There are 2 protein chains.
Amino acid sequence: MRIAIDAMGGDNAPDQIIAGALESIEFLAEEDQLILVGPEEIIEPRLPSPKSRGSAITVVHAPDRIAMGEPPVESLRKKPKSSIPTIAKLAKRGHADAVISAGNTGACVAAFQMRMRNLPGLNRPGIAVVFPTFEGPVTICDVGANIACKPINLYQYGVMASLYARHLLGIDNPRIGLMSIGAEDAKGNEVVKKTRELMKSDTNLNFVGNIEGRDIFKGVCDVAVCEGFVGNVILKLTEGLVDGLFKAIKHELLEEKLRLAMKFKPVMTRIYKKYDYNEYGGALLLGVNGTAIICHGSSTARTIRNAILASKKFSTEKINDKIVEYLAQTPVGAANGQAD
Amino acid sequence: MRIAIDAMGGDNAPDQIIAGALESIEFLAEEDQLILVGPEEIIEPRLPSPKSRGSAITVVHAPDRIAMGEPPVESLRKKPKSSIPTIAKLAKRGHADAVISAGNTGACVAAFQMRMRNLPGLNRPGIAVVFPTFEGPVTICDVGANIACKPINLYQYGVMASLYARHLLGIDNPRIGLMSIGAEDAKGNEVVKKTRELMKSDTNLNFVGNIEGRDIFKGVCDVAVCEGFVGNVILKLTEGLVDGLFKAIKHELLEEKLRLAMKFKPVMTRIYKKYDYNEYGGALLLGVNGTAIICHGSSTARTIRNAILASKKFSTEKINDKIVEYLAQTPVGAANGQAD
């Protein structure tokens, strides 16, 4: 398997990205190959000698770089030789089986969607992230690829995220919840109501009905389906709230007693680690013909290593084949050739 | 001022509701009057004798009750003699200046909107809640009254929540953020983009631009504007996440050492109290012609007492007059008579 990695993506590039790539090698097979993409003069000095690295790592030169805050589509047009469009092109030309970046999320989504085609039967790709919760991991899809969702898109996100949760996270028959503002049938906007009907009509899905925001942390579902705007707010709100709450606890403890604060520190660190989404290596762009992982801008070597291993597992488990197969047999909507 | 209270609303009714009402009396003026609404035979035995309570409390009989899970509109039609429609009618007929309920939120929103007219110039009411954060209180509007928001609605939510934050929370020139999925101008769906233009065009508003989910806890704004579906998810997600995280901490501490867990308990309790939205007494339905507060279903006596005091302050500060005045002078949209 050939995995193309954006060496210049994220706040800790290139050092942490390259370190993560090197760390992953011992877990990969002999025939696997990492392709590091970015300015040669920056990447080469950070790698072991060509002799020692053998065929495990190659470098593809991409002189330019898209910064985190740049407008996605415009930056792709202006900087075709930067690392993000270059890894997308490698995938398009069949030179890479998987792409990974911790760079500008919008640029990644746009480039990967543009260059890698959709899976047969799939209308719109969606980004899936895994939330580690006290009650187990919950896969949320979409968190920002599609902010004009149609019911068929949401239905397909449920299908894809469910197959992902089953084959990657090992959850048997994942329970799918539809994000709404109340559990009752009548609750939600028109898109939610129609999606609910589509989900219900597919008896192969383990659809548990509407869920509310609080349910994500209550162990009522393994997959939460929502449109990209809402999912993105959920993702970032959670991040901000966890940070804010830990800050508040720290502040309160320091007010109390330094000794108590010191004792509590390792507990907090352990919790942070246990519920750290870095463990899952990033977000998958589900629905593109290939494996595409978008990591958080603050990714460390560990995140990148885990993303590489996740891409390997995603490919080994043939999740995409399973999605295509499912969509081909489902009686629901556009999967059978109906319009989006 | 006459404040009508749904004695039967919420999980802790009627005891906690009535207790909260009684607690509030010492903070009210001689001429203020509480109207407790519900089945007389349930309320009366829980009150001081008519002689001792004087004119401070009266009881209005409403024999029926809408349960928490009932479909809002249908339940209002089927049970016109329950406490929620009865307090709404008291407001409509000018027998109450404020209404308070911890009952079925959907039924409250529907009943209050139906019976109390909108403020002149205001298109659609919105629910505002105050999030106590480490960086200070943030008022979020709307959290569920309007799930088909138009740009003019969101603009008006910004205006109302800003006046609320200023005159009720004492925040000078509140900074208004618009919930989106990125800070840049180009980010967001069509409604967000158009709202952004409306907000920008009103130079009297302290509009700070788009915000992301994480920004709510980062002290970048005092008011966060969003459409009701997103706001409702934010509200409930926060609730679930805080609960989940505290549960995780407790679990982790108990694994560690019981002694440490016991030491940490008062710290947690203090944090819980400091960041407890019960302190703010509930959510305001901004934009109706009167004062309407909807409390959480789990409200305690303290919540109800604080809601009563908030309704008093809302009325004393003449927030509604200020909203009407603002909308009359703004050059933006429907406030000048344009269509919704």
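Reader: Which elements of chain B do the buried residues of α5(B) pack against?

Author: A word first on the source: this is a predicted model. As a general idea, an α-helix has 3.6 residues a turn, so residues three or four places apart point the same way. In the present case, the buried residues of α5(B) pack against the strands β1 (2-6), β2 (33-38), β3 (57-61) and β4 (98-101), and against the helices α4 (72-78) and α6 (105-115), of chain B. The helix itself, residues 83-92 of chain B, is mostly covered, with nine of its 10 residues buried.

Reader: Which residues of α5(B) are buried, and what follows the helix?

Author: The buried residues run through S83(B), I84(B), P85(B), T86(B), I87(B), A88(B), K89(B), L90(B) and A91(B). After α5(B) comes G94(B), a residue with a positive phi, near 80°.

Reader: How should I read the nonpolar core, and which residues touch the most other members?

Author: In soluble globular proteins, nonpolar side chains tend to be buried together. Here the largest nonpolar core has 218 residues, and those that touch the most other members are A4(A), I5(A) and V225(A) in chain A, with A4(B), I5(B) and V225(B) in chain B. Helix α7 of chain B, residues 151-168, gives the most to this core, with 11 residues.

Reader: With which residues is V225(B) in contact, leaving aside its neighbours within four places in sequence?

Author: On that count, V225(B) is in contact with C141(B), L154(B), Y157(B), G158(B), A161(B), I176(B), L178(B) and M179(B).

Reader: Turning to the strands of chain A, which strand pairs with β5(A) over six bridges, and in which sense, parallel or antiparallel?

Author: Strand β5(A), residues 126-133, pairs with β6(A) in the antiparallel sense over those six bridges, and a hairpin joins the two strands through two residues. To follow the register, note that T133(A) stands opposite G136(A), while F131(A) stands opposite V138(A). β5(A) also pairs with strand β10 of chain A, residues 283-286, in the antiparallel sense over three bridges, and in that pairing I127(A) stands opposite L285(A).

Reader: How does β6(A) run with respect to β9(A), parallel or antiparallel, and why is β6(A) largely enclosed by the rest of the structure?

Author: β6(A) and β9(A), the latter residues 223-225, run parallel and are joined by three bridges, with V225(A) as the bridge partner of C141(A). As for burial, β6(A) is largely enclosed by the rest of the structure because five of its six residues, within 136-141, are buried. β5(A) is mostly covered as well, with seven of its eight residues buried.

Reader: How is chain A divided into domains, and how many residues of each are in contact?

Author: Domain 1 of chain A takes 1-122 + 287-317, and domain 2 takes 124-280. Their centres, taken over C-alpha atoms, are separated by 26 Å, and 17 residues of domain 1 are in contact with 13 residues of domain 2. On the domain 1 side, the elements that give two or more residues are α6 (105-115) and α11 (301-316) of chain A, and α11(A) gives the most, with six residues. By class, that side has six nonpolar, eight polar and three charged residues.

Reader: What relates chain A to chain B, and which residue of chain A comes closest to the rotation axis?

Author: The general idea is that two copies of a chain are related by a rotation about an axis and a shift along it. In this model, a turn of 180° and a shift of 0.0 Å along the axis lay chain A on chain B with an RMSD of 0.0 Å; the two copies are therefore related as by a two-fold rotation axis. Of the residues of chain A, V230(A) comes closest to that axis, its C-alpha being at 3.0 Å. The same surface serves both copies, since 100% of the contact residues of chain A recur in chain B.

Reader: How many residues does each chain give to the contact, and which element gives the largest share on the side of chain A?

Author: The contact takes 47 residues from chain A and 47 residues from chain B. On the side of chain A, the elements that give two or more residues are α9 (228-256) and α10 (258-274), with the largest share, 22 residues, coming from α9(A). By class, this side of chain A has 26 nonpolar, eight polar and 13 charged residues.

Key. Residues are numbered from 1 along each chain as its sequence is written. Chains are lettered from A and ligands numbered from 1 in the order in which they are written. This is a predicted model: local features need pLDDT of at least 70, side-chain atom pairs count only at pLDDT 80 or more; totals for chains, interfaces and linings use all residues. Two residues are in contact if their C-beta atoms, placed from the backbone, lie within 7 Å. Helices (H or I, at least four residues) and strands (E, at least two) are DSSP runs, numbered from the N terminus. Ala, Val, Leu, Ile, Met, Phe, Trp, Tyr, Cys and Pro count as nonpolar, Asp, Glu, Lys and Arg as charged, and the others, Gly among them, as polar. A nonpolar core is a set of buried Ala, Val, Leu, Ile, Met, Phe, Trp, Tyr and Cys residues joined through C-beta atoms within 7 Å. A residue is buried if 20 or more other C-beta atoms lie within 10 Å of its own, exposed if 12 or fewer, and partly exposed in between; C-beta atoms are placed from the backbone. Domain bounds come from an automatic or database domain assignment. Copies are superposed by least squares on the C-alpha atoms of residues with pLDDT of at least 70 in both. Two strands pair if DSSP finds at least two bridges between them.
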